[in-house]
Amino acid sequence: MEVPKDQIATLLEHGLYNSAQMLGCFLVSSPAANAESAPHLKTESLVILGDSFFREREYRRAIHTYKQALQYYKMIPKQNMTSSRSLLSSNRSSSPNSCNGSVINENEVKFRIASSHCFLNENKAALVEMEGIPSKARNLAMNLLLGKLYRVSKHSRAAVSIYKECIRHCPYILEAITALAELGSTAKDIISLFPQTPNRSGRAPFDHTDSSRWLQRYVEAQCCMASNDYKGGLDLFADLLQRFPNNTHLLLEMAKVEAIIGKNEEAIMNFEKARSIDPYIVTYMDEYAMLLKLKSDYPKLNKLVHDLLNVDPARPEVFVALSVLWERKDDKKSLQYAEQGNLLLTMKRAEAAVSAFRAAQELRPDIRSYQGLVHTYLALSKIKEALHASREAMKAMPQLAKALKLVGDAHASTSGGREKAKKFYESALRLEPGYLGAALALAELHVIDGRNGDAISLLERYLKDWADDSLHVKLAQVFAATNRLQEALSHYQAALRLNTQNEAAKRGLERLEKQMKGMDPDAPEEDEDNDVEDADGDQDETELL
């Protein structure tokens with residue numbers, strides 16, 4: 001041929017994709033690669049050109065070119081397909097051309113088409129391509145992609161079957177382990193998939209001795225997480241971290257769990273430790289950004305977003321982090337990047353927020369998606385829906401104090417539900433005595449019922465262990481309500497020292513100044529009652545309590 005294919009293969013191997021692309025245009029237009037007289041050459045040439053597009057992330061062009069190649073492949077006489085061999089000098093196992101006894105590896109081409117569709121978020125089209133590959137012809141990478149596509153398409157049973165096949169082939173595919181755990185497999189089920197004896201392919205049996213016990217612990221940790229046993233998962237991750245110190249994957253997993261259960265300071269510390277080891281990490285950095293916003297640490301949040309944009313601006317975590325930063329500036333453009341439920345709720349788009357939180361639950365239900373859903377329903381005054389969602393959370397996570405508090409929040413929104421709310425807040429505090437969120441909510445109920453002394457004594461217990469601006473604001477509000485103005489002033493000032501952006505503290509100070517001048521500040525607006533009868537749910541709650 002006028003244009004040697006092996007030269008393009010060499011360019012591809014050396015990562016010179018643009019050069020390979022330009023040379024590939026000469027190859028496919030060469031008279032020697034005529035579709036009618038030499039369909040096998042035309043097919044090979046188009047696959048090589050498709051490879052150059054794929055490597056350059058020009059996925060739409062890659063799909064078009066690969067599909068052309070498959071059309072020409074059908075034109076090759078069958079006797080030629082069995083006798084012809086790839087003319088590429090390099091036997092690249094990752095290339096669709098490297099298939100002995102055939103012009104191209106048709107299944108590998110289909111895999112590249114499917115992968116391109118995935119990069120373009122066209123999962124249905126990708127699944128069609130992958131299902132066109134016979135099961136016996138699928139390799140590990142193909143099975144892993146197929147498992148992901150089945151999961152995204154909500155074909156859970158098919159996804160489980162494919163992921164199990166991946167683990168049987170190689171027990172060290174951690175993403176398959178995590179997927180199986182999240183799809184409901186038990187640790188025992190997953191570990192039983194590990195190879196016990198050598199098989200026909202010569203794979204060695206899995207080493208079940210202490211040297212590989214860590215993998216079994218990792219399986220158990222992921223299964224704890226999937227079943228909402230956050231404490232158990234955190235303990236297992238901590239044990240693994242002792243064996244593998246400075247492991248960034250474990251640090252990130254621990255930070256994510258700590259963020260879920262409200263251990264924000266510990267989560268921030270582990271995120272920062274992971275970033276100190278690898279400053280270019282992007283995984284879970286959206287979670288870190290949200291924690292920095294909660295802490296009102298805007299200098300760190302600004303730096304984080306700047307760093308992430310320099311690493312990979314196309315990653316979804318970067319979009320969310322950017323949204324968190326822009327949401328602070330009240331920039332509606334953030335919604336163009338990530339429809340995060342909390343952002344939508346903050347921007348008064350509660351109906352859209354419900355959809356976002358429901359979608360989050362379908363992907364991976366955890367306490368935060370339930371919290372977002374309940375608080376969104378409350379913002380919409382949909383009390384029955386809020387109660388239903390909070391009870392779902394409590395049934396899924398009966399040992400989690402945050403879940404019990406969530407039911408209390410739903411009840412507390414109505415005057416007739418305050419006694420029930422009080423019981424749930426007290427149950428949450430018995431389960432987790434240091435849970436400040438439940439203490440603040442219970443103190444609010446004490447204030448509403450006129451028991452200011454009880455509210456103060458409850459909150460003052462937490463001053464020793466919590467440097468929290470919301471705690472000081474609540475104490476200041478109670479002291480101001482009881483005309484202990486100097487103590488109220490002290491706590492408002494403490495809150496603003498901890499968080500200069502605390503709007504409640506700023507408003508409280510303005511109100512306090514009027515009181516200290518002898519003026520009568522405007523009385524707070526009374527909430528309208530929104531009582532809801534729900535006898536069936538009450539029975540469920542009593543049983544769980």
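Is L471 buried or exposed, going by its relative accessibility? At 0%, L471 counts as buried, where buried means under 20% relative accessible area, exposed over 50% and partly exposed in between, using a 1.4 Å probe and protein chains only. This is a predicted model, in which local features need pLDDT of at least 70 and side-chain atom pairs count only at pLDDT 80 or more, while totals for chains, interfaces and linings use all residues. Residues are numbered from 1 along each chain as its sequence is written, and side-chain values use heavy atoms, with hydrogens and water left out.

**Figure 1. The whole chain has 30 helices and zero strands.** Helices (H or I, at least four residues) and strands (E, at least two) are DSSP runs, numbered from the N terminus. Of the 545 residues in the protein chain, 48% are buried. About 27800 Å² of the chain is exposed, and carbon and sulfur atoms supply 49% of that; the areas come from the Shrake-Rupley method with a 1.4 Å probe, and for residues only the protein chains shown count as cover. Take the contacts (heavy atoms within 4.5 Å) between residues at least 6 apart in sequence: 50% of them join residues at least 24 apart.

**Figure 2. Here is L471, in helix α27.** Not counting residues up to four places away in sequence, L471 touches L436, L440, L459, Y462, L463 and W466. Look for A495 too: L471 and A495 are 24 residues apart along the chain, and their C-alpha atoms are separated by 7.9 Å.

**Figure 3. S390 sits in helix α22, which covers residues 383–396.** With a relative accessible area of 0%, S390 is buried. What is S390 in contact with, once neighbours within four places in sequence are left aside? The partners are V374, A403, L406, V407 and A410.

**Figure 4. This view takes in the largest nonpolar core, a set of 90 residues.** A nonpolar core is a set of buried Ala, Val, Leu, Ile, Met, Phe, Trp, Tyr and Cys residues joined through side-chain atoms within 4.5 Å. M130 and F237 touch the most other members. Helix α14 (residues 248–260) gives the most to this core, with eight residues. Apart from this core lies another, of 39 residues, including Y435, A455, I456 and Y462. Back at M130, the contacts beyond four places in sequence are F111, A114, M142, L145, L146 and L149. In soluble globular proteins, nonpolar side chains tend to be buried together.

**Figure 5. F54, Y59 and F119 make up one aromatic cluster.** The structure holds seven aromatic pairs. To pair, rings of Phe, Tyr and Trp (its six-membered ring) need centres within 6.5 Å; planes under 30 degrees apart count as stacked, over 60 as edge-to-face and the rest as tilted. F54 and Y59 are edge-to-face, because their ring centres are 5.7 Å apart and their planes stand at 75 degrees. Both F54 and Y59 are buried. Y59 and F119 have centres 4.5 Å apart and planes at 15 degrees, so this pair is stacked. The stacked pair links distant parts of the chain, with Y59 in helix α4 (residues 59–75) and F119 in helix α6 (residues 106–119), 60 residues apart. R112 also joins the scene, lying over the face of F54 at 5.1 Å from the ring centre. A charge sits over a ring if NZ of Lys or CZ of Arg is within 6 Å of the ring centre and within 35 degrees of the ring normal.

**Figure 6. Three residues with a positive phi are picked out here: Y284, S296 and N483.** Most residues other than glycine have a negative phi. Y284, with a phi of about 65 degrees, is in the loop between α15 (264–277) and α16 (285–294). Seven of the 10 residues in α16 are buried, namely M285, D286, E287, Y288, A289, L291 and L292. Just after α16, S296 takes a phi of about 60 degrees. N483 has a phi of about 65 degrees and is in the loop between α27 (469–481) and α28 (485–498). N483 counts as exposed, at 58% relative accessibility.

**Figure 7. These are cysteines in a structure with zero disulfides.** A disulfide is a pair of cysteine sulfur atoms within 2.5 Å. C118 is buried, with a relative accessible area of 19%. C170 is in no disulfide, and the nearest cysteine sulfur, that of C166, is 9.2 Å away. C170 is partly exposed, at 24%.
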